[in-house]
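Hello,

Here is the structure I promised to pass on to you. Have a look at it first, and then read on for what I found in it.

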Amino acid sequence: GLGPTLEFYTLLAEELKNPDKGLWRHGNDQLLFPAPIDSSKLNQREINRIYEVFKMMGTMVARSIIDQRLMDFPINPVFWELIQRKPMSLEAISKIESSLGKTLETLQEIVNRKKEIESSKQMSAEDKRMAINSIQYKGVKLEDLNLTFVLPGYEEIEFIPDGSNEIVCLSNVQKYLQCMLKYFLHETVKIQVEAFRSGFEKVFPVSNLSLFHPEQLDQIIGGGVSSEDWNLMTLEAEILPAHGYNSVSYTHLT
C-alpha cells in the first residue's frame with residue numbers, strides 16, 4: 001500500500017544519510033556527495049561493500065522516480081553530472097565545498113597571471129622573473145600557505161607519492177590544480193559513481209535524465225525538500241488566521 005511504501009523509502013533514505021555511515025562529504029547545504037575513498041588502501045571486500053551500497057542507492061532512487069514517491073534524499077547536482085558522465089571542471093568543486101572552491105579559484109587566477117607574464121612579448125626575461133616572483137595569494141607567498149599534495153580534509157589521500165611533504169608553490173601550483181580536479185571529482189569517487197549508475201540503470205536508462213537539469217532532479221525525487229524553509233518566522237508569515245481569529249488569538253498561538 002501507499003503508506004508502507006512511503007515509510008520504506010523514508011526509513012531507507014534516513015539510514016543511508018546517517019553521518020555515522022561515513023558515506024557522504026559534509027559539504028554545501030547538506031546535499032549528498034560521496035565521501036572520497038582511496039581504493040588502493042582498501043581490500044576487495046571493503047570495495048565490494050561500498051559498491052553494493054551505492055548500487056542499491058541508485059536502484060532505490062530510480063525506483064522512487066518510477067513509483068512517483070517523494071523521498072528526502074537531496075543529491076548534489078555535481079553527483080548527478082558525474083553519473084551522467086558529463087565533463088568536469090574546477091568550478092564544480094564550489095558546488096560541493098564552497099570555501100575550497102573559492103581557494104581553488106584564486107589559485108587558478110595565479111596560474112593564469114603566471115602564464116600571462118610568461119607569454120608577454122613586452123617584458124624582458126629578468127622582468128618576467130621578477131613579476132612572477134612577486135605573485136602572491138592575498139598578500140602571502142604560496143609556500144607560506146602550507147598547502148600540500150593531499151586531498152583537503154582527507155590528508156591520508158595523497159595526489160603523488162609522499163604528497164604530504166610536497167609544498168604547493170608557483171612552479172607546481174598548476175599541477176596541484178590538475179591533481180585536485182582528478183582526485184576530488186574522479187579517482188576517489190569513481191567506484192561510488194559507477195555503482196550508483198549501475199543500480200539506477202537496473203530500473204531505467206541514466207540517459208533519460210538528460211531531459212532535466214541536475215537541480216530539477218532534486219525536485220523530482222524529493223519535491224525540493226532540501227530547500228524548504230520550515231522555521232518559525234516563515235510559518236508565521238505564511239499561515240494567516242481567519243474566521244474570527246487573528247495573529248494574537250490564543251487558538252492561533254497555541
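Glu201 sits in the loop between H8 and helix H9, which covers residues 214–222. In this predicted model, is Glu201 buried or exposed, or something in between? Its relative accessibility is 38%, so Glu201 counts as partly exposed. Glu201 also has a partner from far away in the sequence: Thr59 is 142 residues apart from it along the chain, yet the two C-alpha atoms are separated by 7.4 Å.

Just before that loop comes helix H8, made up of residues 190–200. How much of H8 is covered? Mostly, as it turns out: eight of its eleven residues are buried. They are Ile191, Gln192, Val193, Ala195, Phe196, Arg197, Gly199 and Phe200. Among the elements that cover these buried residues are helix H2 (44–67) and helix H3 (77–83).

H2 and H3 are joined by a loop, and Asn76 lies in it. Asn76 is a loop residue that is buried, because its relative accessible area is 1% and the cut-off for buried is under 20%. Beyond its neighbours within four places in sequence, Asn76 is in contact with Leu31, Leu32 and Phe33, and also with Lys95 and Ile96.

Some words on the whole chain may help you find your way. The protein chain has eleven helices and two strands. Starting at the N terminus, the order of elements is α-α-α-α-α-α-β-β-α-α-α-α-α. The chain has 254 residues, and 41% of them count as buried. If you take the contacts with a separation of 6 or more, residues 24 or more positions apart account for 69% of them.

Next, please turn to H5, the helix of residues 98–118. H5 has 21 residues and reaches 30 Å from its first C-alpha to its last, close to the 30 Å expected at 1.5 Å a residue. Which residues of H5 are buried? The list is Leu100, Gly101, Leu104, Thr106, Leu107, Ile110, Val111, Lys114 and Ile117. What covers them includes helix H4 (91–94), helix H6 (125–133) and H7.

Two of those neighbours are worth a visit. The first stop is H7, residues 173–187, whose axis comes within 9 Å of the axis of H5 and crosses it at roughly 140 degrees. That angle makes H5 oblique to H7. The crossing is left-handed. On the H5 side, the residues that meet H7 are Leu100, Leu104, Leu107, Gln108, Val111 and Lys115. On the H7 side they are Val173, Gln174, Tyr176, Leu177, Met180 and Phe184. Sorted by class, this contact of H5 with H7 has nine nonpolar, two polar and one charged residues.

The other stop is H6. H5 and H6 pack with their axes 9 Å apart, at an angle of about 170 degrees. Why is this pair called roughly antiparallel? The angle lies over 145 degrees, and so H5 is roughly antiparallel to H6. Lys114, Ile117 and Glu118 of H5 make the contact with Lys128, Ala131 and Ile132 of H6. The residues in this contact of H5 with H6 divide into three nonpolar, no polar and three charged.

Back at H7, the loop between H7 and H8 holds Thr188. With 3% relative accessibility, Thr188 counts as buried. Its contacts, leaving aside neighbours within four places in sequence, are with Ala35, Pro36, Ile37, Leu151, Ile157 and Tyr183.

One of these contacts, Leu151, is where I would like to end the tour. Leu151 belongs to strand E1, residues 150–151. How does Leu151 count, buried or exposed? It is buried, with a relative accessible area of 0%. Apart from neighbours within four places in sequence, Leu151 is in contact with Arg25, Pro36, Ile157, Phe159, Met180, Phe184 and Thr188. Met180 and Phe184 have come up already, as residues of H7 that meet H5. Finally, Leu151 and Ser164 are 13 residues apart in sequence, and their C-alpha atoms are 9.5 Å apart in space.

Enjoy exploring it, and with best wishes.

Note on methods: Residues numbered from 1 in each chain as written. Predicted model: local features only at pLDDT ≥ 70, side-chain atom pairs only at ≥ 80, totals over all residues. Heavy atoms only, no water. Axes fitted to C-alpha atoms, helices over the stretch in contact; angles between N-to-C directions. Helix = DSSP H or I, 4+ residues; strand = E, 2+ residues; numbered from the N terminus. Parallel < 35°, antiparallel > 145°, perpendicular 65-115°, else oblique. Left-handed = near helix turned anticlockwise from the far one by under 90°. Contact = heavy atoms within 4.5 Å. Nonpolar A, V, L, I, M, F, W, Y, C, P; charged D, E, K, R; others polar. Expected span 1.5 Å × (residues − 1). Buried < 20%, exposed > 50% of the residue type's maximum accessible area, 1.4 Å probe, protein only.
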